[in-house]
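Work through the exercises below with the coordinates open. Each task is followed by a stepwise solution.

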Amino acid sequence: MTLDRFRSVADRVIDPFVSGADRIGLTPNAISWLALVLAVGAALSFALAGERTLLYAPAAVVVLASGACDVLDGALARHQGSSSRAGDFLDHVLDRYADLAIVAGLAVGIGRLDLGFAAITGVVFTSYLGTQAQAVGLNRAYGGALGRADRLALAAVVGLIAATDVSLAGHSPIAWLLVIFALAGHATAIQRFIVAYRDLREN
């Protein structure tokens, strides 16, 4: 959860964009949908890359744009005073679809559906344990080894590396990225489960 610690810094950086989005009449929900559209676009580029490694570069840029929108929608909601449980719910649902699209695109692009499955289940359980803790009366769990902001940043950086057509120990950087998503995702899910279960037992 390295990058989530700098959320307040990111909020200050995007202040001009928040004001601009407000002036042209954008809503937080519209930006949440835009983030999903960008994520799907990046996923398609990842999936089509294969031997055309140069496609990883635009995919990486679009992933970053999607992540920026993910910061912008919440900041805009606070700026407009329009934060709501409905908006928060929509944002989290669209984030999950975006996550699944990106990981699936990465896996399809290198033909490693096994790694894709392991990574997707790690991502899904990380998010599930975070919201399930809230559902049983605890605070929403955000702790763990790899948060959403970290995943998007890694996808962008590794995408740029993959565009150079390098390999690491005989494997694509994308394959290693999926391994990281799988291991860190499941480790984070287990950590959140242990913390939430302990808190429930103590209360």
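**Exercise 1. Classify the burial of Asp99 and Arg148, then trace their salt bridges.**

Step 1. Asp99 is buried, and Arg148 is buried as well; buried means under 20% relative accessible area, exposed over 50%, and partly exposed in between, with a 1.4 Å probe and protein chains only. The model is predicted, so local features need pLDDT of at least 70 and side-chain atom pairs count only at pLDDT 80 or more, while totals for chains, interfaces and linings use all residues. Residues are numbered from 1 along each chain as its sequence is written, and side-chain values use heavy atoms, with hydrogens and water left out.

Step 2. The side chains of Asp99 and Arg148 form a salt bridge at 2.8 Å, N to O; the criterion is a side-chain nitrogen of Lys or Arg within 4 Å of a carboxyl oxygen of Asp or Glu. This pair links distant parts of the chain, with Asp99 in helix 5 and Arg148 in helix 7, 49 residues apart. Helices here are DSSP runs (H or I, at least four residues), numbered from the N terminus.

Step 3. Arg148 also meets Asp70 in a salt bridge, 3.0 Å from N to O. Because Arg148 lies in helix 7 and Asp70 in helix 4, the pair ties together parts that are 78 residues apart in sequence. Asp70 is buried, like Arg148.

**Exercise 2. Place one further salt bridge, then assemble the network.**

Step 1. The whole structure holds 7 salt bridges. One of the pairs is Arg112 with Asp114, whose closest N and O atoms are 2.9 Å apart. Arg112 is partly exposed at 29% relative accessible area, and Asp114 is partly exposed at 46%.

Step 2. Asp70, Asp95, Arg96, Asp99, Arg148 and Arg151 are joined into one network by salt bridges that share partners.

Step 3. What does the side chain of Ser127 make a polar contact with? The partner is the side chain of Arg96, at 3.0 Å. A polar contact is a pair of N or O atoms within 3.5 Å; within protein, one must be able to donate a hydrogen and the other to accept it, and residues adjacent in sequence count only if both atoms are side-chain atoms. Ser127 belongs to helix 6 and is buried, at 12% relative accessible area.

**Exercise 3. Describe the surroundings of Phe46.**

Step 1. The largest nonpolar core has 31 residues, and Phe46, Tyr56, Val63, Ile102, Leu106, Leu178 and Phe181 touch the most other members. Such a core is a set of buried Ala, Val, Leu, Ile, Met, Phe, Trp, Tyr and Cys residues joined through side-chain atoms within 4.5 Å.

Step 2. Two or more residues of this core come from each of helix 3 (28-49), helix 4 (56-80), helix 5 (85-110), helix 6 (113-135), helix 7 (148-162) and helix 8.

Step 3. Setting aside neighbours within four places in sequence, the contacts of Phe46 include Tyr56, Ala59, Val63, Gly105 and Gly159, a contact being heavy atoms within 4.5 Å.

Step 4. Of 3 aromatic pairs in the whole structure, one is Phe46 with Tyr56, tilted, at 5.9 Å centre to centre and 40° between the planes. Rings of Phe, Tyr and Trp (its six-membered ring) pair if their centres lie within 6.5 Å; planes under 30 degrees apart count as stacked, over 60 as edge-to-face and the rest as tilted. Phe46 is buried at 0% relative accessibility, and Tyr56 is buried at 2%.
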